[in-house]
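Trainee: Got a minute? I have a new model open and some questions.
Mentor: Sure. Put it up and start wherever you like.
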Amino acid sequence: MASEKPHMNLAFIGHVDHGKSTLVGRLMFETGAVSPHIIEQYKKEAESKGKGSFEFAWVMDSLKEERERGVTIDIAHQRFDTDKYYFTIVDCPGHRDFIKNMITGASQADAAVLVVAAPDGVMAQTREHVFLARTLGINQLVIAVNKIDAAKYSEERFKEVKEEVGKLLQMVGYKVAEIPFVPVSAFVGDNVIARGDNLTWYSGPTILEALNNLSEPEKPTNLPLRLPVQDVYTISGVGTVPVGRVETGIIKKGDKIIFEPANVSGEVKTIEMHHEEADQALPGDNIGWNVRGVGRKDIRRGDVCGHVDSPPSVAKEFTAQIVVLQHPSAISVGYTPVFHCHTSQIACTLTEIKAKLDPRTGAVKEENPAFIKAGDAAIVTVTPTKPMVIEKVKEIPQLGRFAIRDMGQTIAAGMCMNITPR
């Protein structure tokens, strides 16, 4: 297993109809992840439905409803390889009503490709997705200026779009100089993997090269151990075995650990990964670990394991910055939706709305507003209905972000700025 290439989760974001799915399909096809006969079959089918240019998009949009409507609804997880990485694509839908899927996709991503159609430039959802990518902690971006064929391969138009997108990225705090802008036609195939004859004026990387140039996500081994519990099993002859994915830090056999907010501690007896025993586990590893002195009833999903000398933070209340994505009416003090943070799902009450922010710039628009609604960003005080582990996003970002859900949809996304410990 050791020889395996580093893994990256890659999100594709951007406005609806800007060609995300076609670009993904083209990448999968050109890197050999999808065979030509499947594309050929999709092409025939697409033409028979009067959607002649959709064959690549259908690689991702394999749900029937999506084909009928020609839009992306669910997140399709697909794998493709470059010579440097293996990527799992989280294809994020661009449609307004599917933005909750975008959050679940984007919050798992190490990097994102923002697709902007050359003829249209920046649209409403381009802005929204850029802002979300920032809030959700995606630090590496590649900008694909797609449909350049529809803009007659104009260098002039490429420069205009680049400037427009650049301003938007700068506004939310991305370093534009470090972000590649690639003119591309996903439909024709120019600049996805091979350079097209139509783009002789462009000398930068192709999409594939830009992906290879991404830096490998750092394993945050220098941070304190944080290991959220996904499940707890009792295995005969072994005892209590919680399972979960190491988010930060390192866990070793013999470590003295504590589970919060359960407040029970013990010693790590064994660590198992891929059904083999291991002496230690690093961030990204999915493990089962047996703990001496902890019973099956003591811990549950949503608890977080850490070392005794730097235990996970348990919040009595916390201050957060949130972005409201959708809500049928308005959100005011007293609202109690469910917060999804790492593996925990806990009802929390908004006890104060401190300020309304301009979502594009982050500047304060209004102090102590009476309510906030879809499209607003805000600083709020939150009181969990029961003890909850959460960390400051500046200290342990992996446990500092959350989604807020209610009525079967994602209402908001946010990050924890400060904590009042219990």
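Trainee: Leaving aside neighbours within four places in sequence, which residues is proline 384 in contact with?
Mentor: Keep in mind that this is a predicted model. Proline 384 touches Ala315, Lys316, Glu317 and Phe318. Its contacts also include Ile346, Ala347 and Cys348.

Trainee: Which strand is proline 384 found in?
Mentor: Strand β20, residues 377–384.

Trainee: And how far is its C-alpha from that of cysteine 348?
Mentor: The two C-alpha atoms are separated by 4.0 Å. Along the chain, proline 384 and cysteine 348 are 36 residues apart.

Trainee: Buried or exposed, that proline 384?
Mentor: Buried. Its relative accessibility is 10%, and the cut-off for buried is under 20%.

Trainee: You listed Phe318. Which ring does phenylalanine 318 form an aromatic pair with?
Mentor: First the total: the count comes to 8 aromatic pairs. One of them joins tryptophan 201 and tyrosine 202, edge-to-face, 6.4 Å centre to centre with 80° between the planes. Your phenylalanine 318 pairs with phenylalanine 339, also edge-to-face. There the centres are 6.2 Å apart and the planes make 85°.

Trainee: Which strands do phenylalanine 318 and phenylalanine 339 lie in?
Mentor: Phenylalanine 318 lies in β16 and phenylalanine 339 in β17, residues 338–341. The pair therefore ties together parts that are 21 residues apart in sequence. Both phenylalanine 318 and phenylalanine 339 are buried.

Trainee: Back to the other pair. Which residues form the aromatic cluster with Trp201?
Mentor: Phe158 and Tyr202 join Trp201 in one cluster.

Trainee: How do tryptophan 201 and tyrosine 202 come out for burial?
Mentor: Tryptophan 201 is partly exposed, at 24% relative accessible area. Tyrosine 202 counts as buried, at 11%.

Trainee: Which ring does the charged end of lysine 356 sit over?
Mentor: The ring of phenylalanine 371. The charged end of lysine 356 is 6.0 Å from the ring centre.

Trainee: Next, serine 344. Which strand is it in?
Mentor: Serine 344 is in β18, residues 344–357. Serine 344 is buried, with a relative accessible area of 5%.

Trainee: What is serine 344 in contact with, leaving aside neighbours within four places in sequence?
Mentor: Gly302 and Phe339. You met Phe339 as the partner of phenylalanine 318.

Trainee: Changing topic. How many cavities of 30 Å³ or more does the structure hold?
Mentor: It holds 1. About 30 Å³ of space lies in the largest cavity.

Trainee: Which elements give two or more residues to its lining?
Mentor: β16, residues 314–324, and β23, residues 409–421. The lining residues include Ile322, Val324, Ile411 and Ala412. Others among them are Ile331, Tyr335, Pro337, Leu350 and Ile404.

Trainee: How does that lining divide into nonpolar, polar and charged?
Mentor: There are 9 nonpolar residues, no polar and no charged.

Trainee: Last one, helix α1. How many of its residues are buried?
Mentor: In α1, residues 20–30, 9 of the 11 are buried, so the helix is largely enclosed by the rest of the structure.

Trainee: Which residues are buried in α1?
Mentor: Lys20, Ser21, Thr22, Leu23, Val24, Gly25, Arg26, Leu27 and Met28.

Trainee: And what phi does glycine 32 take, just after α1?
Mentor: A positive one, about 85°.

Notes. Residues numbered from 1 in each chain as written. Predicted model: local features only at pLDDT ≥ 70, side-chain atom pairs only at ≥ 80, totals over all residues. Heavy atoms only, no water. 1 Å grid on protein atoms, 1.4 Å probe; cavity = no way out; pocket = protein on both sides within 12 Å on 5 of 7 lines; lining within 4 Å. Points joined across faces, edges and corners; volume = space filled by probe spheres on them. Helix = DSSP H or I, 4+ residues; strand = E, 2+ residues; numbered from the N terminus. Nonpolar A, V, L, I, M, F, W, Y, C, P; charged D, E, K, R; others polar. Phe/Tyr/Trp six-rings, centres within 6.5 Å; stacked < 30°, edge-to-face > 60°. Buried < 20%, exposed > 50% of the residue type's maximum accessible area, 1.4 Å probe, protein only. Lys NZ or Arg CZ within 6 Å of the ring centre and 35° of its normal. Contact = heavy atoms within 4.5 Å.
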